[in-house]
Amino acid sequence: MLTVNPYLSFNGTCEAAFNFYKSIFGGEFEYLGRYKDMPDATMPIPEEEKEKIMHVSLPLTENVTLMGADTAAGCGQITTVGDNVAITLCTESAEETKRIFNALSEGGSVTMPLEKTFFATLFGSLVDQFGINWLLNYDEDPNK
């Protein structure tokens, strides 16, 4: 089943924001990882940004998860309020992922090409022709 989840970006306040959301919605973080937890070869992270949140997920319902991260300014990432929400599509196959990614990126701009990452079989991000941020994620083994 294709799932759609909001993804929020922050400039260093992700942990505080998600603790706030957790106090309202309840539940437990499904995942909370910091930039220091990334495999070394992924990208160089400045020492002052290693404690920032690389990814956090808080299930709200069985089918909806609130996700977020701090941007890493040392890696050229900057969050602008108003552009700090993306729609995450978690797909069921590589073919579906590629089809949707290619269709959404037509007339828009790819911000990260669709490729294998340390956290997914395929992941990519783009801004569509209407200025909407999209993240596509496919994992052959979503339970790992």
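When I call a residue buried today, I mean that its relative accessible area is under 20%. Keep that in your head, because we'll use that 20% cut-off a lot. Also, a quick warning: what you see above is a predicted model.

Okay, let's start with helix 2. Helix 2 covers residues 94-105, so to speak twelve on a string: it has 12 residues. From the first C-alpha to the last, helix 2 reaches 16 Å, close to the 16 Å expected at 1.5 Å a residue.

Which residues of helix 2 are buried? The list goes A94, E96, T97, I100, F101, L104 and S105. If you look down the axis of helix 2, those buried residues fall within an arc of 160 degrees, so they line one face of the helix. Here's the general background. In an α-helix there are 3.6 residues a turn, so residues three or four places apart point the same way. Over on the other side of helix 2, E95 and R99 are exposed.

And what do the buried residues of helix 2 pack against? Strands: strand 5 (85-90), strand 6 (109-115), strand 7 (122-127) and strand 8 (133-138). After helix 2 comes G107, and its phi is positive, near 80 degrees.

Now scroll back to helix 1, residues 14-25. Helix 1 has 12 residues and also spans 16 Å between its first and last C-alpha, close to the expected 16 Å. Its buried residues are C14, A17 and F18. They cover an arc of only 90 degrees around the axis, which puts them on the same side of helix 1. On the face turned away from that buried side, you'll find the exposed residues A16 and S23. The buried residues of helix 1 pack against strand 1, strand 3 and strand 4 (65-70). Just after helix 1 there's G26, with a positive phi of about 80 degrees.

While we're over here, a word on strand 1, residues 3-10, where T3 is found. Setting aside neighbours within four places in sequence, T3 is in contact with N63, T88, L89 and C90. For a sense of scale, T3 and M112 are 109 residues apart in sequence, and their C-alpha atoms are 20 Å apart in space.

Next up, aromatic rings. How many aromatic pairs does a search of the whole structure find? The search finds 5. One of them is F18 with Y21: the ring centres are 5.5 Å apart and the planes sit at 75 degrees, so this pair is edge-to-face. Both residues lie in helix 1, 3 residues apart, about one turn of the helix. F18 has a relative accessibility of 1%, so F18 counts as buried. Another pair is F119 and F123, with centres 5.1 Å apart and planes at 65 degrees, so that pair is edge-to-face too. F119 counts as partly exposed at 37% relative accessibility, whereas F123 counts as buried at 12%.

Zooming out a little, ring pairs link F10, F18, F20 and Y21 into a cluster. There's also a charge over a ring: the charged end of K22 sits over the ring of F29, 4.7 Å from its centre.

Last topic, salt bridges. In general, side chains of opposite charge can pair when their charged atoms come close. Searching the whole structure turns up 6 salt bridges. Take E51 and K36, whose side chains meet at 2.9 Å, N to O. This pair links distant parts of the chain, 15 residues apart, with both E51 and K36 in the loop between strand 2 (31-34) and strand 3 (53-59). Are these two buried or exposed? Something in between: E51 counts as partly exposed at 45% relative accessibility, and K36 is partly exposed with a relative accessible area of 45%.

Then there's E47 with K50, where the closest N and O atoms are 3.5 Å apart. E47 counts as exposed at 61%, while K50 is partly exposed at 27%. E49 pairs with K52, the closest N and O atoms being 3.3 Å apart. E49 is buried, with a relative accessible area of 6%. And to finish, salt bridges that share partners join E15, R34, K36 and E51 into one network.

Methods
Residues are numbered from 1 along each chain as its sequence is written. This is a predicted model: local features need pLDDT of at least 70, side-chain atom pairs count only at pLDDT 80 or more; totals for chains, interfaces and linings use all residues. Side-chain values use heavy atoms; hydrogens and water are left out. A salt bridge is a side-chain nitrogen of Lys or Arg within 4 Å of a carboxyl oxygen of Asp or Glu. Helices (H or I, at least four residues) and strands (E, at least two) are DSSP runs, numbered from the N terminus. Buried means under 20% relative accessible area, exposed over 50%, partly exposed in between (1.4 Å probe, protein chains only). The expected span of a helix is 1.5 Å times one less than its number of residues. The arc is that of the directions from the helix axis to the C-beta atoms. Contact means heavy atoms within 4.5 Å. Rings of Phe, Tyr and Trp (its six-membered ring) pair if their centres lie within 6.5 Å; planes under 30 degrees apart count as stacked, over 60 as edge-to-face and the rest as tilted. A charge sits over a ring if NZ of Lys or CZ of Arg is within 6 Å of the ring centre and within 35 degrees of the ring normal.
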